[in-house]
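Me: I would like to go through the aromatic contacts here and hear the reasoning behind each label.

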Amino acid sequence: MVYYVDDMILEVVATLFSGSSNDILVCKDRRSPVGARYTLLVIRDKTLVKTFISITEGKGKSSFFLKSFARNDELIYCFQYQEERRFSAFARGQMQSPAKGGEICARLVMECASSSFPSPLLYLILTQDNVHITRDNRIYFTPVFDLSQLDPEKTEADCTIRCAEIILELLEGGSAKQAGSCELIRKKCRSNSYTSFPELYRDIRLTAMPMEKLSIRQRLSALWRRKKDSLFNFLLVLCSIAVIIAFIMLISQIIFGDIPLLRLFENCFDYIGTEQLK
């Protein structure tokens, strides 16, 4: 199947999801010299089309997709394609320390807070395992939605609670000390107390695990890495000064047959007036 939109010819190369209401397709732009790929959200259900438009346009949030177009009775949204690397599969393995786990959780909350996805769609992302993490712990979302579960009444509060539940699942799978540190988040999830992402972010920082203490060897190694450039520059200056002094002494010896600087190290006080000190 091929879609023609603006200056692109989008050829379907894979189907990520096919449901009763919508499909998720991966397409390659035939006109792209680098073979650019895109993800297409194809909505077939007419009622769902109206709901989706009301969610995305009625609240002024449309920047989460690249472009939209219609084909027959279908409404299609185009997104930049990103390979999947699921948070649920990789995040726990990248928690090299309790402090690193807290940092990953904080990044997830910040990504949710800054996302341009409307709350009903963000809720689907968080509940349908569409959160991903790179090897350097950057968080990103993919629009592989099953829109049959779309609830237009979902709010930021619902998304915040779901995000907090993902964080608890991650931290409680670690050490007992990690699990105990998120008791505050657990209590607020049970009571549905969260209303916004900044609240959750603040609680993550409050319960964050302290950085692990480094050994003396690790501290010295870190100090050397931080200071080695400055030390090299200092030694370079000293060597330059030594070379200049040696050159001046050499010229002095050649011209005058003497090096005045060396007189400073000679005993010049054998006689004071008529008195001999020795």
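**Aromatic contacts**

Reply: One aromatic cluster is formed by Phe52, Phe64, Phe65, Tyr77, Phe79, Phe117 and Phe145. This is a predicted model, in which local features need pLDDT of at least 70 and side-chain atom pairs count only at pLDDT 80 or more, while totals for chains, interfaces and linings use all residues. Residues are numbered from 1 along each chain as its sequence is written, and side-chain values use heavy atoms, with hydrogens and water left out.

Me: Why is the contact of Tyr3 and Phe69 called an aromatic pair that is edge-to-face?

Reply: Rings of Phe, Tyr and Trp (its six-membered ring) pair if their centres lie within 6.5 Å, and planes under 30 degrees apart count as stacked, over 60 as edge-to-face and the rest as tilted. By this rule there are eight aromatic pairs. For Tyr3 and Phe69 the values are 6.2 Å centre to centre and 65° between the planes, so the pair is edge-to-face.

Me: How do you know that Tyr3 is buried?

Reply: Buried means under 20% relative accessible area, exposed over 50% and partly exposed in between (1.4 Å probe, protein chains only). Tyr3 has a relative accessible area of 2%, so Tyr3 is buried; Phe69, at 12% relative accessibility, also counts as buried.

Me: What makes Arg71 a charge over the ring of Tyr3?

Reply: A charge sits over a ring if NZ of Lys or CZ of Arg is within 6 Å of the ring centre and within 35 degrees of the ring normal. Arg71 lies over the face of Tyr3, at 4.7 Å from the ring centre, and the charged end of Arg85 sits over the ring of Phe90, 4.1 Å from its centre.
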